[in-house]
Amino acid sequence: MKALFALAWKSLLNRRASVLLTLLAVALSVALFLGVDKARTGAREGFGHTISGTDLIIGAPTGSVNLLLYSVFRMGNATAEISWPTYQELAARDDIAWTVPISLGDSHRGFRVMGTNHAYFEHYQYGRGQPLRFAKGVEMDDLFDAVIGADVARELGYDIGSPLVLSHGLGKADFGSGHENRPFRVVGILAPTGTPVDRTVIVSLEAITAIHVGWETGAKNPMADSITEDMIRSFNLTPKTITAVYAGLKRKGTILRTRREINTNKGEPLMAIIPGEALAELWSVTAMAERALLAVSIFVIAVGVVSILTSILTSLNERRREMSILRAVGARPGHIFGLLTLEAGLIGFLGALLGIVIVHGLILIAGPIVMQRYGISLGGTGPGMTDLLTLLAVTGASLLAGAIPAWAAFRRSLADGLSVKL
């Protein structure tokens, strides 16, 4: 077997140009299949670890997926908001242990701004129950203090004490936003979390109200600039509305009853969702597209395996003399069969292995880019059982494909390649 393996290896090296092209075709097909699979599983892993320990997310009536996306992943915008009195009623419920109010809508150079309070740093968790930690600095204490995520600090070069100006909407430009005369100061930088928190600027709820003094109608009042900071500090800055609420329950067993009571609230219309259920709904929406992509990827792998078969069949007629000489020096038909089958298996194995290396290399490069652009960590995409099974499956399929030209060579007589055709 060792000698047969060495012979197969030398035979491949002798035809290195065509073998390399076939190997590359297999590698790219495997890389496509694994890339689709890892993007799918990695996105699910990253989304699933973005928030943990929160029993309910409460917002204005909308789709559960939409509520999850804008309140947790900062994707999209709320269709309506929750009034402050309604939030206070929620926080006072006997079955709710804690609440975290959040307010969204502004930005800073393309990064989302979130207004909240101390409860966010106390109760928000990600991953497997990990709390937020500060790499530098502390929480907001003054009205115009801000805490920034790790990506905000890295990409904008901010440090403790850096000034920043908030903007209306989600644009990257701060000019003309109307908030230039209300600058904030960075007092804290959060440690990296691998979640959208890394790309968020966090201020107090009162600060969100403060910067919109003079913008009550949706447009800047000409007299807004005449309102001094001292005057603003003397105002009642309690927010009138918030975007959503994270809530933790005193007893997990009451989650369904609490959700139903909030959803059927006779006062202001509300919608409460369980984060895990909303994520499952999101995946059910994308499941059809995922299956279609995986099916296409499997067909591409099949094309790669067929390219191995084509390569060996094409070269078989040119190797008739080689096969006959091997027979003449003592090789049995079974050896010829094994040689060609082993060649196909080696191409499949090496191509699949190269494809695995390619996809993991691309993940190392693209992972940080996806995190920076979308705040999604492609967690759980390291080498695993899927890679091993794919390697074995492609190798096995290649061996089976190689058996077809091997059987054709097996049936040829000793004199077939030694005769001269006129």
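## A guided tour, starting from strand E12

Select residues 200-204 to begin: this is strand E12, and five of its five residues are buried, so the strand is largely enclosed by the rest of the structure. Keep in mind as you go that this is a predicted model.

**Stop 1: around E12.** Colour Thr-200, Ile-202 and Ser-204 one way and Val-201 and Val-203 another; these sets sit on opposite sides of E12, and both sides are covered. In a regular strand the side chains alternate between the two faces of the sheet. Now add residues 111-116, strand E4, which runs parallel to E12 and is joined to it by five bridges. Within this pairing, look for Arg-112 opposite Thr-200. Next, show residues 145-148, strand E8, which is antiparallel to E12 and connected to it by two bridges. Here Val-147 stands opposite Ile-202.

**Stop 2: helix H9 and its buried face.** Move to residues 255-263, helix H9, and pick out Ile-255, Thr-258 and Ile-262, which are buried. Turn the view to look down the helix axis: the buried residues of H9 fall within an arc of 65 degrees, so they line one face of the helix. To see what covers them, show strand E1 (56-59), helix H4 (84-91), strand E14 (244-249) and strand E15 (271-273), which are among the covering elements.

Staying on H9, select Arg-257 and Glu-261, whose closest N and O atoms are 3.3 Å apart in a salt bridge. The two residues are four apart in this helix, about one turn. Arg-257 is partly exposed at 33% relative accessibility, and Glu-261 is partly exposed at 32%. Add Arg-93 and Asp-95 to the selection, and you have a network of salt bridges linking these two residues with Arg-257 and Glu-261.

**Stop 3: more salt bridges.** The structure holds 12 salt bridges. For one of them, select Lys-252 and Asp-55, with 2.7 Å between the closest N and O atoms. Lys-252 is in the loop between E14 and H9 and Asp-55 in the loop between H2 and E1, so this pair ties together parts that are 197 residues apart in sequence. Which partner is buried and which is exposed? Lys-252 is exposed, at 52% relative accessible area, while Asp-55 is buried, at 10%.

Then try Asp-151 and Arg-154, a salt bridge with an N to O distance of 2.8 Å. Both belong to helix H6 (residues 150-156), and being three residues apart they are separated by about one helical turn. Asp-151 is buried at 6% relative accessibility, whereas Arg-154 is partly exposed at 48%.

**Stop 4: helix H2, inside and out.** Find Ser-29 in helix H2 (residues 16-48). Ser-29 counts as buried, at 2% relative accessibility. Beyond its sequence neighbours within four places, Ser-29 is in contact with Val-300, Ile-301 and Gly-304. For the surface, select Leu-24, Leu-28, Leu-354 and Val-357, a nonpolar patch with about 330 Å² of accessible area together. H2 and helix H12 (333-374) each give two or more residues to this patch. Val-357, in H12, is exposed at 53% relative accessibility.

**Stop 5: Ala-406.** Finish in helix H13 (residues 385-411), where Ala-406 lies. Its relative accessible area is 0%, so Ala-406 is buried. Leaving out residues up to four places away in sequence, Ala-406 touches Phe-337, Leu-340 and Thr-341. For a last distance check, Ala-406 and Ile-336 are 7.0 Å apart from C-alpha to C-alpha, with their positions 70 residues apart in sequence numbering.

Definitions and conventions:
Residues numbered from 1 in each chain as written. Predicted model: local features only at pLDDT ≥ 70, side-chain atom pairs only at ≥ 80, totals over all residues. Heavy atoms only, no water. Buried < 20%, exposed > 50% of the residue type's maximum accessible area, 1.4 Å probe, protein only. Pairing = 2+ DSSP bridges. Contact = heavy atoms within 4.5 Å. Patch = residues over 30% accessible without salt bridge, like charges linked within 9 Å, V, L, I, M, F, W, Y side chains within 5 Å. Areas by Shrake-Rupley, 256 points an atom, 1.4 Å probe, with all protein chains shown as cover. Salt bridge = Lys/Arg side-chain N within 4 Å of Asp/Glu carboxyl O. Arc of directions from axis to C-beta.
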